[in-house]
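Reader: I'd like to go through the labels on this model one by one and ask what each of them rests on. Could you show it first?

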Amino acid sequence: MVADVKGASATSRLTATRFRDVRWVDETGSTNADLLDAAAEGAEEGLVLVAEHQRAGRGRLDRTWEAPPGSSLLVSVLLRPRLAVADAHLVTSATALAAIDACHAVAGIRPGLKWPNDLVAVAGDRHAGKKLGGILAESRLDGAEVEALVVGMGLNVNWPVDLPAELVDVATSVNHVVGHDVDREDLLVAWLERLDGRLDELTTAEGRARLDAAVRSASATLGRSVRVELPDGSHVEGRAVDVDPDGRLVVDRDDGDDVLRVSVGDVVHLRHRA
């Protein structure tokens with residue numbers, strides 16, 4: 001694979017950040033998988049891989065992620081954050097918040113964060129609640145610490161007017177929300193600039209506190225009636241009331257049992273109940 005001039009252009013705009021090597025390719029299997037391989041070979045932090053198309057893009061729980069070529073921002077970054085394994089979720093939060101800020105700066109919209117790692121539209125009757133993108137973090141471990149972390153994001157940016165029938169009710173795209181196409185390279189650069197700053201916040205207790213507060217503020221899930229579908233096939237309904245410092249969603253259960261703290265699960269937003 002050979003990176004095109006977009007990668008070189010983005011790199012030149014990011015020299016003040018840790019993301020000084022941006023590679024933009026026409027097609028690959030998975031940008032996350034490629035950077036995990038690069039991490040194993042000793043690649044330095046800050047390597048960025050963008051693809052026009054992924055043949056094997058993945059989301060949470062090994063779901064596939066497909067997008068028309070050239071329509072989305074399909075990107076992964078390689079980080080070496082020196083974090084405990086239990087704190088790796090902070091990087092996912094930082095990534096999502098940086099994406100929200102970048103969408104606001106470049107496109108004028110501020111998506112919401114649907115727990116744990118989806119970006120959803122929050123404006124417009126036709127789009128509110130629909131998925132704009134998702135984030136997937138995968139790590140290489142060294143004992144109890146993260147040796148390398150690859151964070152991938154798939155963000156729907158310039159999708160066709162007519163979405164596939166199976167996506168019409170659940171997904172949307174930035175251009176659908178704002179009414180015009182958006183420059184993906186500008187969005188990439190804005191995201192990486194803001195991610196660079198968010199990652200710096202993880203190095204101090206004060207910065208982590210600001211990150212936690214920002215996650216709560218950006219949440220499209222807190223305060224909602226939700227159904228949590230758990231890995232064992234069961235589900236719990238209740239009201240999402242908090243995200244704790246470990247990144248778990250805290251749900252006040254409708255059945256009256258103790259609150260549920262969810263580490264892994266799918267959350268379905270329900271209609272508000274009186």
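Reader: What makes Arg227 and Glu229 a salt bridge?

Author: In this predicted model, the closest N and O atoms of Arg227 and Glu229 are 3.3 Å apart. The cut-off is 4 Å between a side-chain nitrogen of Lys or Arg and a carboxyl oxygen of Asp or Glu, so the pair qualifies.

Reader: And why is Arg227 called partly exposed?

Author: Its relative accessible area is 22%. Buried means under 20% and exposed means over 50%, so Arg227 falls in between. Glu229, at 33%, counts as partly exposed too.

Reader: How do you know that Arg194 and Glu193 meet in a salt bridge?

Author: Same kind of check: N to O is 3.7 Å for Arg194 and Glu193, and the limit is 4 Å, so they pass. Arg194 has a relative accessible area of 30% and Glu193 has 37%. Both values lie between 20% and 50%, so both residues are partly exposed.

Reader: What about Arg253 and Asp257, what makes that pair count?

Author: Their closest N and O atoms are 3.6 Å apart, which is within 4 Å, so it's a salt bridge. Asp257 is partly exposed at 45%. Elsewhere, Asp101, Arg110, Arg198, Glu201 and Arg210 are joined into one network by salt bridges that share partners. The structure holds 23 salt bridges.

Reader: On to the inside. Which residues have the most contacts within the largest nonpolar core?

Author: Leu188 and Trp191, in a core of 51 residues. Helix H5 (184-201) is one of the elements that give two or more residues to this core, and strand E5 (72-79) and helix H3 (89-107) are also among them. H3 gives the most, with eleven residues.

Reader: What does Trp191 touch?

Author: Leaving out residues up to four places away in sequence, Trp191 touches Val75, Val77, Thr95, Ala98, Ala99, Ala102 and Met153. Touching here means heavy atoms within 4.5 Å. There's also a second, separate core of twelve residues, including Val25, Leu35, Ala39 and Ala148.

Reader: Why is Arg82 called exposed?

Author: Its relative accessible area is 75%, and exposed starts over 50%, so the label fits. Arg82 is in the loop between E5 and H3. Its phi is near 55 degrees, a positive value in a residue other than glycine.

Reader: And Arg239, buried or exposed or in between?

Author: In between: 32% is neither under 20% nor over 50%, so Arg239 is partly exposed. Arg239 is found in strand E11 (residues 235-243). Val226 is 13 residues from Arg239 in sequence, with the C-alpha atoms 5.8 Å apart in space.

Reader: What makes the peptide bond from Trp115 to Pro116 cis?

Author: Omega is near 0 degrees for that bond. Pro116 is in the loop between strand E6 (112-114) and strand E7 (118-120).

Reader: Where does Pro116 turn up in the second largest pocket?

Author: Pro116 is among the residues closest to the centre, along with Ala88, His89, Thr92 and Ser263, out of 37 that line the pocket. The pocket's volume is about 870 Å³.

Reader: Which element gives the largest share of that lining?

Author: E8, with six residues. By class, the lining has 21 nonpolar, eight polar and eight charged residues.

Technical notes
Residues are numbered from 1 along each chain as its sequence is written. This is a predicted model: local features need pLDDT of at least 70, side-chain atom pairs count only at pLDDT 80 or more; totals for chains, interfaces and linings use all residues. Side-chain values use heavy atoms; hydrogens and water are left out. A nonpolar core is a set of buried Ala, Val, Leu, Ile, Met, Phe, Trp, Tyr and Cys residues joined through side-chain atoms within 4.5 Å. Buried means under 20% relative accessible area, exposed over 50%, partly exposed in between (1.4 Å probe, protein chains only). Helices (H or I, at least four residues) and strands (E, at least two) are DSSP runs, numbered from the N terminus. On a 1 Å grid over the protein atoms alone, a cavity is a set of points where a 1.4 Å probe fits but cannot get out, and a pocket is an open set with protein on both sides within 12 Å along at least five of seven lines; lining residues have an atom within 4 Å of a point. Grid points are joined across faces, edges and corners, and a volume is the space filled by probe spheres set on the points. Ala, Val, Leu, Ile, Met, Phe, Trp, Tyr, Cys and Pro count as nonpolar, Asp, Glu, Lys and Arg as charged, and the others, Gly among them, as polar.
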